[in-house]
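Here is a short briefing to read with the structure open beside you. Please have a viewer ready, and follow along one topic at a time.

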Amino acid sequence: MKILVVLRMIPDSAGELELTGDGRGIDREWLDFQLNDFDDHALEEAILLKEAAGATVVAVAIGEGSNRVLQMAVARGADEAIALEAEADGMIDSRAIAGSIVALARSKAADLVLCGVQSTEDLFGQLVPYAGARLGWPHVSGSSRLSIEASALRVTQERGGGIAATYEIALPAVIGVQTASKAPRYVSGSKLREASKTAMGKAASEPAGFERSAEIVALRLPGQRGTGENLGDNPENVADRLASILAAKGFAGV
Amino acid sequence: MRIVACTEGSFGKIEPFSLEMITAARMAGAAGDEVVAFFAGQDPEPAVTSLGAADRLVAASAGNTQLIAAESYARLLADTVAAEEPGLVLVPYSANGLDVAGDLAARTGWPLVSYVNEISRDGDWLAVVAQVYGGKILAECSVPLPAILMVNPGAFAEAERRAVDPSKLQHSDATPVVAEGKVRLVGVEVPNYDGVDLTTAERIVCVGRGIGDEASIDIARGLADILGAEIAGSRPVVDSGWLPKVRQVGKSGQKVKPKLYLALGVSGAPEHLEGMSKSDLIIAVNTDPKAPIFNVAHFGATCDLFDLVANLSERLQTGR
């Protein structure tokens, strides 16, 4: 079995995001880029499947810091690492990169494509249904458990309200991972150094293949913070205020 | 123009966001437009008794599955879109919607915008506002029609719940589509609450990624005990295995409405807000003043959460 896992580097949303002068993008110059959290889980699930059922894992990374994350992927157990060419200084638009992922899935003869269920930059649609529909393969988004049983893939999908549905799918398939079966593993410095010896492949981007798409006219920061009261940043003052607010509303004491 | 509003329901209930899709369709439409609700699932009855606010209901039912797979839903929707030739399709942002919206966009080639909060019409175009970067940035987009929008639950009010006039119902049997599917349902798990039911809790202390590590959860748990509150977590905390799944608040966890919701180190991604924004009293502590949780908090503080918890626990215990 061959698994293609897609790793997207995205701006750290916990950091300060500022808009560019023309208001159509975010200023990327000082941003920290990190692996999309869901893609991290997809990588872990790919490695867990490899360990449980035997597989070759091809990691494809896109965006700022791809080489660093590919090295990490190899240290965690990926067999092959490919950096996919990205448009500089732009969002990683899943609608736009789906064509490249489809081409790689075909050229690598993948049986299973795994990626995170979403990214914070997939404004124009998610990679899983785009790649699945283009390949003509079944796709399921939001998995929390994957296993191979008698050459079929078992996928547990998170529905709302804590309900989980388990499906059986004949491969090939595309799966959007929400949570890996186990939390992503830690890799040691020595494994990372070892992985740095692995040659990194490259792939050129392929056309998106859509005639018409929506466009961003402007980005903006959400206006007003809600109507809530800001209690400030001094922990003692905040604790004083909260203690009296909780007491006044009948929450102090059990 | 005709607008298709996708709806969902299972286990005898319609998802409330189904009624929101009908409202969203009316907002996007102009006078004379027709809103067609689309439903696919095991039992069409809840759709038939609830979705009368739409002009028509196209319902496909498959008695051979408890929960219809997105694969079958998407195929039935594609057939409906081919037959109805709508100018706009609205899909809820749900587990099912995530697979359905992009699938339809790939099949039709139409534009798609996700995470939509606002829609207005400008001739053959739509102007929409969508959330990106975990709700920290809003994107104003221009969308040529025909198009597909994936709409955030909670962004639009629910349309009035009333029965569909029998003359406005078009029902079909979807069992062959489900039987032919490559994605075969083999089991449905309903959570084992094990004595924990956040949906009925009156007080909740919720920890987010800002709690840092598993050991620190105990610090928040200490405050929860003092307050007589249930401890809960956002998705990253539960995904890390620091709290069990039954304690997760948000889109893929529980939707809660307690009298007190204290959020510690929770950024407030749209998926989290969907699960708790209707709580009576929301207090949020996060060192990032731009965290979206502050958009729904009644009281917010930007101090270190550990300093706050230590100080607040002491005051609550000593009554000072």
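In this predicted model, B:Val116 has B:Val151 in S10(B) as its bridge partner. The two strands involved, S7 (residues 112-122) and S10 (residues 147-151), both of chain B, pair in the parallel sense over three bridges.

**The sheet around this pair**
- S7(B) and S10(B) sit next to each other in an open sheet of 10 strands with mixed pairing.
- Its strand order is S11(A)-S9(B)-S8(B)-S7(B)-S10(B)-S6(B)-S1(B)-S4(B)-S5(B)-S11(B).
- At the edges stand S11 of chain A and strand S11 (169-173) of chain B; each has a single partner strand, so one side of each is left without a neighbour in the sheet.
- From one strand to the next, the twist averages 25°.

**The second largest pocket**
- The volume of the second largest pocket is about 1,000 Å³.
- Its lining has 39 residues, and the closest to the pocket centre are A:Glu87, A:Asp89, A:Gly90, A:Met91 and A:Ile92.
- Strand S4 (80-84), helix H3 (94-107) and strand S11 (215-220), all of chain A, are the elements that give two or more residues to this lining.
- Which element gives the largest share of the lining? That is H3(A), with four residues.
- By residue class, the lining divides into 20 nonpolar, nine polar and 10 charged residues.

**Where the two topics meet**
- S11 of chain A stands at an edge of the sheet, and this strand also gives two or more residues to the lining of the second largest pocket.

Methods
Residues are numbered from 1 along each chain as its sequence is written. Chains are lettered from A and ligands numbered from 1 in the order in which they are written. This is a predicted model: local features need pLDDT of at least 70, side-chain atom pairs count only at pLDDT 80 or more; totals for chains, interfaces and linings use all residues. Side-chain values use heavy atoms; hydrogens and water are left out. On a 1 Å grid over the protein atoms alone, a cavity is a set of points where a 1.4 Å probe fits but cannot get out, and a pocket is an open set with protein on both sides within 12 Å along at least five of seven lines; lining residues have an atom within 4 Å of a point. Grid points are joined across faces, edges and corners, and a volume is the space filled by probe spheres set on the points. Ala, Val, Leu, Ile, Met, Phe, Trp, Tyr, Cys and Pro count as nonpolar, Asp, Glu, Lys and Arg as charged, and the others, Gly among them, as polar. Two strands pair if DSSP finds at least two bridges between them. Axes are lines fitted to C-alpha atoms, for helices over the stretch in contact, and angles run from 0 to 180 degrees between N-to-C directions.
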